[in-house]
Amino acid sequence: MKINLIGSDIMRVKYIFFIFFSMILILSSSVLASGLEIQGGISSQLEVGLNEDAEIEEFDNQLTLELSHYNSNSGLFKGSFKYNSSIDEIELTELYSELYFPSVDLTIGKQRIAWGKADGINPTDYFNPEDFTDPFAEENKINIAALRAKKYYQDWVFDLVWSPIFEANKLPQPDSRWYPEGESELMPGYSQVLKETIEPERTLKNSQIGLRISRWSGSIDASLSYYYGWRKDPTIYTTVDESNNQIIIQPEYNRLQGIGADFAKPIGKYVLRGEAAYFITADEDIKNDYFEYVLGVDFNVTDDLYINTQFFGDKEKEIDPQNGITLAVEYSINEFNQIELNTIYRFEGEEIVINPVYSNDIMDGVNLSLGAYLFDGNKAGGFEQFVDKDYMYIELNRAF
């Protein structure tokens, strides 16, 4: 039987896990106070639209705080919090305990499961959902509650992850800045009725599991991985109610399996990276099985100039592939000044996003950045939906 979870149910589960992992963090180390390390930062960012009115799109201030304690005998204990002024909310971003045994590392709590070798585009990064309410944030992965065990044997690493609670991608709400615009009705004369999204029941059988086997041979770092979990975006089912001239839209999350591989191989001053995953969907009437891939190379042209470029794409069964390239260039003008150019180009629809950045280390722990995001394209649902949302930003960061 499937159920719909209301907001109070979700918050109740979150509070239970917050208390549970807080107890782990506090009780796991009797000497926490004696070796507690506190660090964090304050960030202020102003975003201004590149339009005739030069509208202020966002003025956001954030405070991040990280508390950690490390002991060679008992392990690592870490908690991180973030306060966001734009939504006036304190968020627990991570909270976990990491215990070290002779050949096994055990981590329990809210954490990041970072799998894959490519830069930013990672088909085998199965577990952590993304926050698309700010799609161009430097880090928009959402940490999850999980139990992780890493077993070391000679030059092999066996990485087993179990996550009992499903977390979905966080999508922008209607009328918000990054909500897709211009979507028309499926049938003229019919109204759309959006039903509440059906999420997986909070039961053990609906857990997410994954296994990654890695080996470093001295000349190549490679791994194989398997994932049994859920799609992070809902499948959209539609039915037509002709008697009421309505289209009933029912979002529902479906099961997903992923089989992947990745590698990184140094070749002189170059590092060749590759990553791919084949995904088996639960409902091919809505989405066929599909294949995601990325192949790239990064290298230092000089001590001051770094280049990273990647070819990426996805191929859904019985549908033409969608491919693109990325390019990242970083140049250090001197010890305190740096410029960057980050671009993504998709061949289908001639879509492109360009992100130039200038940054200056004003003083120790203080950095000022000036940048912009520019969009173009002619394919519905891609960067084309952002063509009128070009913006520039200035950001001041103070680390402590």
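These legends walk through several close-up views of a predicted model.

**Figure 1. The whole chain holds 1 helix and 21 strands**. Start here to get your bearings before moving in on the details. Of the 400 residues in the protein chain, 36% are buried. Among contacts between residues at least 6 apart in sequence, 53% join residues at least 24 apart. The views that follow pick out some of these places one by one.

**Figure 2. Y70 and Y100 form a tilted ring pair**. A search of the whole structure finds 26 aromatic pairs, and this view shows one of them. The ring centres of Y70 and Y100 are 6.2 Å apart and the planes meet at 55 degrees, so the pair is classed as tilted. The two tyrosines come from distant parts of the chain: Y70 belongs to strand β2 (residues 56–71) and Y100 to strand β4 (residues 89–100), with their positions 30 residues apart in sequence. Y70 is exposed, with a relative accessible area of 51%, while Y100 counts as partly exposed at 26%.

**Figure 3. F136 and F386 meet edge-to-face**. Here the ring centres of F136 and F386 are 5.8 Å apart, and their planes stand at 80 degrees, so this pair is edge-to-face. F136 sits in the loop between β5 (104–111) and β6 (144–153), and F386 in the loop between β20 (366–376) and β21 (391–399), so the pair ties together parts that are 250 residues apart in sequence. Both phenylalanines are buried. Look around them and you will find a wider cluster, in which ring pairs link F136, W178, Y373, F375, F386, Y391 and Y393.

**Figure 4. Two charged side chains sit over tyrosine rings**. The charged end of R177 is placed over the ring of Y391, 4.7 Å from the ring centre. Y391 is also a member of the ring cluster shown in the previous view. In the other example, K287 lies over the face of Y290, at 4.5 Å from the centre of that ring.

**Figure 5. Three strands make an open sheet in the order β8-β12-β11**. Pairing in this sheet is mixed. Its edge strands, β8 (191–194) and β11 (235–241), each pair on one side only. Neighbouring strands are turned by 25 degrees against each other on average, with direction ignored. As a reminder for newcomers, strands of a sheet pair through backbone hydrogen bonds, either parallel or antiparallel. Strands β8 and β12 (residues 246–252) run parallel and are joined by 4 bridges. To find one place where these strands meet, look for S191, whose bridge partner in β12 is Q246.

**Figure 6. The largest nonpolar core gathers 12 residues**. Its members are I113, W115, Y126, F127, I144, A146, V161, Y227, L256, A277, F279 and Y290. The elements that give two or more residues to this core are β6 and β14 (270–281). Y126 is a good residue to centre on: beyond its neighbours within four places in sequence, Y126 is in contact with W115, S225, Y227, K232, G258, I259, G260, A277 and F279. A second, separate core has 10 residues, including Y373, F375, F383 and Y391.

**Figure 7. I259 in strand β13 touches Y126**. Strand β13 spans residues 255–267, and I259 counts as partly exposed there, at 47% relative accessibility. Not counting residues up to four places away in sequence, I259 touches Y126, S225, Y226, A276, A277, Y278 and I280. From I259 to F279 the separation is 20 residues in sequence, with 6.6 Å between their C-alpha atoms.

**Figure 8. Q154 and E318 have positive phi values**. Most residues other than glycine have a negative phi, which makes a closer look at two residues worthwhile. Q154, which is not a glycine, has a phi of about 55 degrees. Q154 lies in the loop between β6 and β7 (156–163) and is exposed, with a relative accessible area of 68%. For E318, phi is near 70 degrees. E318 is found in the loop between β16 (305–316) and β17 (322–332), and at 72% relative accessibility E318 counts as exposed.

Note on methods:
Residues numbered from 1 in each chain as written. Heavy atoms only, no water. Phe/Tyr/Trp six-rings, centres within 6.5 Å; stacked < 30°, edge-to-face > 60°. Buried < 20%, exposed > 50% of the residue type's maximum accessible area, 1.4 Å probe, protein only. Lys NZ or Arg CZ within 6 Å of the ring centre and 35° of its normal. Pairing = 2+ DSSP bridges. Axes fitted to C-alpha atoms, helices over the stretch in contact; angles between N-to-C directions. Core = buried A, V, L, I, M, F, W, Y, C linked by side-chain atoms within 4.5 Å. Contact = heavy atoms within 4.5 Å.
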